[in-house]
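Reader: I should be grateful for a close look at how the helices pack against one another in this model. Please define each term as it arises.

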Amino acid sequence: PEKAKKVIENDFSNVADPVKKRYINTYLKQADLMIKAKEAENKGLELEAIKWLKEAQKLRDHEVIKEKIKKLKLESIGL
């Protein structure tokens with residue numbers, strides 16, 4: 001995700017269209033939250049990871065995020 005974020009920033013840094021900029025900023029914020037969630041998950045902090053994923057989901061609902069939250073919730077209760 002960090003590499004993808006850099007590519008997006010470099011490729012679209014000079015985009016003048018405000019709608020495109022809004023979408024790009026949303027994707028970048030979501031990518032940043034996904035990175036935080038992955039870091040928390042790697043540390044074994046499932047509840048913190050869920051918190052970051054829910055924040056990412058508020059920006060843009062996505063099926064992959066829903067499935068990841070469900071998986072982490074099950075892991076956090078030992079299933």
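Author: The account below follows the helix packing and then turns to the aromatic rings.

This is a predicted model, in which local features need pLDDT of at least 70 and side-chain atom pairs count only at pLDDT 80 or more, while totals for chains, interfaces and linings use all residues. Residues are numbered from 1 along each chain as its sequence is written, and side-chain values use heavy atoms, leaving out hydrogens and water.

Helices are DSSP runs (H or I, at least four residues) numbered from the N terminus. Helix 2 (residues 18–42) packs with helix 3 at an angle of about 170 degrees, their axes lying 8 Å apart; axes are lines fitted to C-alpha atoms over the stretch in contact, and angles run from 0 to 180 degrees between N-to-C directions. Helix 2 and helix 3 are therefore roughly antiparallel, a term for angles over 145 degrees.

Among the helix 2 residues in contact (heavy atoms within 4.5 Å) are Leu33, Met34 and Lys36, and the helix 3 side includes Trp52 and Leu53. The charged end of Lys36 also sits over the ring of Trp52, 4.6 Å from its centre; this requires NZ of Lys or CZ of Arg within 6 Å of the ring centre and within 35 degrees of the ring normal.

Helix 3 (residues 46–59) packs in turn with helix 4 (residues 63–76) at about 160 degrees, with axes 9 Å apart. Helix 3 and helix 4 are therefore roughly antiparallel as well. Leu53 belongs to this contact too, as do Ile50 of helix 3 and Ile69 and Leu72 of helix 4.

Elsewhere, Arg22 lies over the face of Tyr23, at 5.6 Å from the ring centre.

Note on methods
Helices (H or I, at least four residues) and strands (E, at least two) are DSSP runs, numbered from the N terminus. Angles under 35 degrees count as roughly parallel, over 145 as roughly antiparallel, 65 to 115 as roughly perpendicular and the rest as oblique.
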